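Hi everyone, thanks for making time for this. I'd like to walk you through one structure, starting with some charged side chains and ending with a sheet. Here it is on the screen.

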Amino acid sequence: MKMSLLILSCVAVTLYFIFIYTFMNENKVPIYPENHEDESGDELEIEQDSASLKTSTEGIWTINSIGRLGNQMGEYATLYALAKLNGHQAYILPSMANYLSPLYKITLPTLHESLIEKLPWKPYGLHDWMDDRYRKIAGDYQMLLGYTCSWTFYHHLREEILREFTFHDFIMEETNAYLRRIGGVRKNVTFVGVHVRRGDYIHIMSKVWKGVVADKKYLEKAMTYFRHKYKNVIFVVTSNGMDWCKQNINNSKGDVFFSDTSNSPGQDLSILAHCNHTIMTIGTFGYWAGYLAGGETIFLNNFTLPDSPFLKVFKYEAAFLPEWIGFPADLSAVEIQNNQIWPITVAIVLLIPCLCCLVYFIIIKIPPERVLFFQKGKHLIRRYFFSRSIITDKLPPSTQNRF
């Protein structure tokens, strides 16, 4: 019997530590969602024959291909800039080419799949912002790692980066035709692209990063800014939560157009990039919309609590250009949630080991002859609290007035 109780106690303690480990490691969820493989199907044409690859001291550099379109663009731009800064030849992985080459006139060659596992790659992790160490990265065959998107890596090469991310002609023609159609007969229209990130970020920001996504008030404030500053403004909204946008964005003025939900991410980004100005919320997709469009960009600022684990891997000043305009987020909802969660969590953390100790020291350590005593004591205590009269009735008359 003792052995069974000891085993049960050990199991309880083990479950407790599993709970603590899981809770404390929730912030290890990636900042952006995991990569979903492009299913375009067609094999990429190899940019160069493997025999012509440079294997001199110039070496070959590449970067991981993770995340979706916005992440892929950030990784490409970072590789382009760092390889050039360090005097190496940059190649992109086939999976990155699958994302970018159907959209843009990129010039970096694609690494042949047969060589990816053969070359002696040296992994090199990067922060999501430029560091002086990255100006002198030693060694050939560097495999750069990270979800890099910060303008601090490549903004000094802005014109070159914009050329790399020039849309193919057929995409630009399609986009311009769409903008002409929604502009109608209006003259001197100012187009403002609006990207509203929702989807997985609704859960990730509130549950993992102690933050928020853009709300109705933020979008209304940003749109009011442009309505007051420019005449004949047209807002073009793209989102992965279009139903929410149509319910929460005021279109009483008739100046808001919602993109077709059948659009691909590339089509939506082309529309945003060809607008004059940008309203972004959070995420790399909206960031690239503002970077490619130029003009004024309004972004959601301070969208996490000060103690958010997100701030260990993210810097606002490295994520958004200095000239961009930040409107602060309303954090009241996540503050309330945070205040409700922590007391419960602390109570659980303290209660479980206490219960485990109770099981061990009271049930297992108690000698058999005392078990009956504790059972009787427990019975008397229960009777006292729930039926006091039963106890007092059985006491001698001289002692009843003590209760």
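Let's begin with a small network of salt bridges that links Arg68, Arg197 and Asp200. Before I go further, please keep in mind that this is a predicted model.

Within that network, Arg68 pairs with Asp200, and their closest N and O atoms are 3.5 Å apart. This pair ties together distant parts of the chain: Arg68 is in the loop between β1 (60-63) and α2 (69-85), while Asp200 is in the loop between β5 and α7 (201-208), 132 residues apart. How accessible are the two partners? Arg68 has 32% relative accessibility, so it counts as partly exposed. Asp200 comes out at 26%, and therefore counts as partly exposed too.

In total, the count is 10 salt bridges, and I'd like to show you two others. One is between Asp307 and Lys210, with the closest N and O atoms 3.1 Å apart. Here again distant parts of the chain are linked, with Asp307 in the loop between β9 (297-301) and α12 (316-319), and Lys210 in the loop between α7 and α8, 97 residues apart. Asp307 is partly exposed, because its relative accessibility is 46%. Lys210, in contrast, has 16% and so counts as buried.

The other one joins Asp255 to Arg227, and its closest N and O atoms are 2.8 Å apart. Asp255 sits in the loop between α9 (242-248) and β7 (256-258), Arg227 in helix α8, and 28 residues separate them. Are these two buried or exposed? Both Asp255 and Arg227 are buried.

Arg227 brings us to its helix. Helix α8 covers residues 216-229, which is 14 residues, and it spans 20 Å from first to last C-alpha, close to the 20 Å expected at 1.5 Å a residue. The buried residues in α8 are Tyr218, Leu219, Ala222, Met223, Phe226 and Arg227. Why do they end up on the same side of α8? Because they cover an arc of only 165° around the axis. Turn to the other side of α8 and you find Lys217 and His228, which are exposed.

Now for the sheet. It is an open sheet of 6 strands, paired in parallel, and the order reads β7-β6-β5-β8-β9-β10. The edges are β7 and β10 (325-328); each has a single partner strand, so one side of each has no neighbour in the sheet. On average, neighbouring strands of this sheet are turned by 25° against each other, ignoring direction.

Let's zoom in on β5 and β6. Strand β6 (residues 233-239) runs parallel to β5, and 7 bridges join them. Within this pairing, Gly193 stands opposite Val236 in β6. Two helices pack on the sheet here. Helix α6 (residues 169-183) touches β5, β6 and β7, and its direction makes about 130° with that of β6. Helix α10 (residues 265-273) touches β5 and β6, with an angle of about 155° to the direction of β6.

Last stop: Thr190, which lies in β5, the strand of residues 190-196. Its relative accessibility is 12%, and because of that Thr190 counts as buried. What does Thr190 touch? Leaving aside residues up to four places away in sequence, its contacts are Tyr230, Lys231, Asn232, Val233, Ile234, Asn276 and His277.

That's my tour. Thanks for listening, and I'm happy to rotate the model for anyone who wants another look.

Conventions. Residues are numbered from 1 along each chain as its sequence is written. This is a predicted model: local features need pLDDT of at least 70, side-chain atom pairs count only at pLDDT 80 or more; totals for chains, interfaces and linings use all residues. Side-chain values use heavy atoms; hydrogens and water are left out. Helices (H or I, at least four residues) and strands (E, at least two) are DSSP runs, numbered from the N terminus. Buried means under 20% relative accessible area, exposed over 50%, partly exposed in between (1.4 Å probe, protein chains only). Contact means heavy atoms within 4.5 Å. The expected span of a helix is 1.5 Å times one less than its number of residues. The arc is that of the directions from the helix axis to the C-beta atoms. A salt bridge is a side-chain nitrogen of Lys or Arg within 4 Å of a carboxyl oxygen of Asp or Glu. Two strands pair if DSSP finds at least two bridges between them. Axes are lines fitted to C-alpha atoms, for helices over the stretch in contact, and angles run from 0 to 180 degrees between N-to-C directions.
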